[in-house]
Amino acid sequence: MAGNARLARLSSHRPCGVCAPVPRRHRCRSTGFCRRVWSGIAMSETLELARALIARRSVTPEDGGCQAILGERLAAAGFTIDHMPRGHVLNLWARHGSAAPLVCFAGHTDVVPPGPLTHWITDPFAPTERDGRLYGRGAADMKTSVAAFTIAAERFVAAHPDHSGSIAILVTSDEEGDAVDGTVRVVETLSGRGEGIDYAIVGEPTCVTRFGDTIKNGRRGSLSGTLHVKGVQGHIAYPHLAKNPIHAAMPALAELGAITWDEGNAHFPPTAWQISNIRAGTGASNVIPGDLTVLFNFRFSTASTEQGLKERVHALLDRHGLDYELKWTLGARPFLTEAGPLLKAALGAVREITGVEPEISTTGGTSDGRFIAVVAKEVIEFGPLNESIHKLNEYVAIEDVEPLTRIYGRILERLLLPR
Ligand SMILES: [Zn+2]
């Protein structure tokens with residue numbers, strides 16, 4: 001083929017998906033060219049690593065061999081590797097340097113189950129590039145972020161071997177499941193040995209409609225209650241001989257649903273109370289039930305406290321004269337990182353690499369940021385678009401992969417290099 005014609009084909013060439021991640025010569029399916037011919041085209045190391053991680057089947061709490069890949073790479077880059085397994089859960093703590101400040105990237109290698117395989121266009125554990133996207137379970141939540149911060153850390157350490165401060169990478173295989181033997185255990189170990197984190201970046205997918213549009217600087221707390229209201233079972237035709245717990249509870253539940261718990265504040269929306277389940281009744285139409293069970297949940301802001309909310313609920317139930325038992329479960333305390341070096345570094349990096357002005361948000365469910373906030377002075381979350389997470393045919397946009405890596409790298413530069 002004439003030189004010019006070949007160059008024209010090369011410039012429009014998209015790697016076929018085999019030649020991009022595989023570091024060996026072969027004939028590319030889309031062009032027929034050997035990799036050697038188009039080796040001038042920049043390949044994303046992050047994409048390559050993300051593909052390797054997606055190919056490891058790691059449905060929570062399995063790790064599928066992901067952390068072995070990461071540990072090996074980071075050890076080769078000079079990181080000290082600490083595996084902290086707990087039961088079936090694998091955790092990895094890798095650190096470079098011993099000085100303060102410590103910048104930590106955090107994430108998880110486990111993924112949610114793929115759901116019915118017949119509804120996936122391609123195998124969820126066979127990373128596939130199609131239409132500018134990398135498809136596979138965990139592509140967005142959050143193996144690409146894990147790959148991106150691993151590559152960013154490797155590049156930073158190679159370029160600045162004598163950087164100030166330290167870099168750590170914290171990865172667990174227990175984020176999507178019970179979240180009891182993962183990050184929370186690593187944090188306990190760190191606390192026990194007096195190892196604090198100054199700045200933590202969790203790689204959860206935070207962006208909503210455009211890459212770069214959202215950084216999270218906190219999350220609401222989650223407080224759940226299981227309420228049992230006791231009555232007396234009886235024949236529906238003889239209500240004076242029974243005590244209907246549904247009738248007793250309804251006014252109290254209606255009042256709980258109408259309360260303004262707080263007004264929120266500059267960073268959080270108002271605290272919300274929602275019922276998720278109500279159960280009562282035998283199924284028969286002529287029996288007054290003997291009890292009623294209600295499951296409810298608070299998503300609460302820093303304008304309220306766990307204790308304050310509990311006291312208000314108990315006072316209300318008591319005022320309604322209910323005979324009840326109430327069990328509480330604190331899922332997460334709210335946390336918030338206000339303006340400081342980490343948020344400034346992240347905002348600057350996202351603006352610089354994407355040209356997008358990010359919104360600072362505390363929306364969404366819980367993340368492992370809640371555990372890290374216990375030992376970290378500042379915690380933020382930033383990652384790719386979250387529109388496909390936990391869904392069928394999960395994906396990440398390939399064009400966002402390298403910018404994500406560069407953003408993590410710029411955050412390190414801004415925090416650990418003299419300016
Ligand atoms: Zn996640």
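**Zinc site**

I started with the zinc ion in this predicted model. Which protein atoms act as its donors? I found His108 through NE2, Asp141 through OD, and Glu204, listed twice through OE. These donors lie 1.8 to 2.6 Å from the zinc ion.

Next I checked the geometry. The angles subtended by the four donor atoms run from 53 to 150°, so I put the arrangement down as irregular. A tetrahedral label would need all angles between 85 and 135 degrees.

I then looked at how the donor residues are spread along the chain. Their spacing reads H-x32-D-x62-E. I traced His108 to strand β3 (residues 102-108) and Asp141 to helix α4 (residues 139-159), so this pair ties together parts that are 33 residues apart in sequence.

Are these two buried or exposed? His108 has a relative accessible area of 0%, so I noted it as buried. Asp141 comes out at 5%, so I have it as buried too. The cut-off for buried is under 20%.

**Helices α2 and α10**

I moved on to a helix pair. Helix α2 covers residues 45-54 and helix α10 covers residues 398-416. They pack at an angle of about 110°, and I read 8 Å between their axes. That angle makes α2 roughly perpendicular to α10, since 65 to 115 degrees counts as such.

Which residues meet there? From α2 I listed Glu45, Thr46 and Leu47; from α10 I listed Ile398, Val401, Glu402 and Thr405. Sorting the residues of this contact by type, I got three nonpolar, two polar and two charged.

How values were computed. Residues numbered from 1 in each chain as written. Predicted model: local features only at pLDDT ≥ 70, side-chain atom pairs only at ≥ 80, totals over all residues. Heavy atoms only, no water. Axes fitted to C-alpha atoms, helices over the stretch in contact; angles between N-to-C directions. Helix = DSSP H or I, 4+ residues; strand = E, 2+ residues; numbered from the N terminus. Parallel < 35°, antiparallel > 145°, perpendicular 65-115°, else oblique. Contact = heavy atoms within 4.5 Å. Nonpolar A, V, L, I, M, F, W, Y, C, P; charged D, E, K, R; others polar. Donors = N, O, S within 2.8 Å, 3.2 Å for Na, K, Ca; no water. Tetrahedral: all angles 85-135°; square planar, octahedral: opposite > 155°, others 65-115°. Buried < 20%, exposed > 50% of the residue type's maximum accessible area, 1.4 Å probe, protein only.
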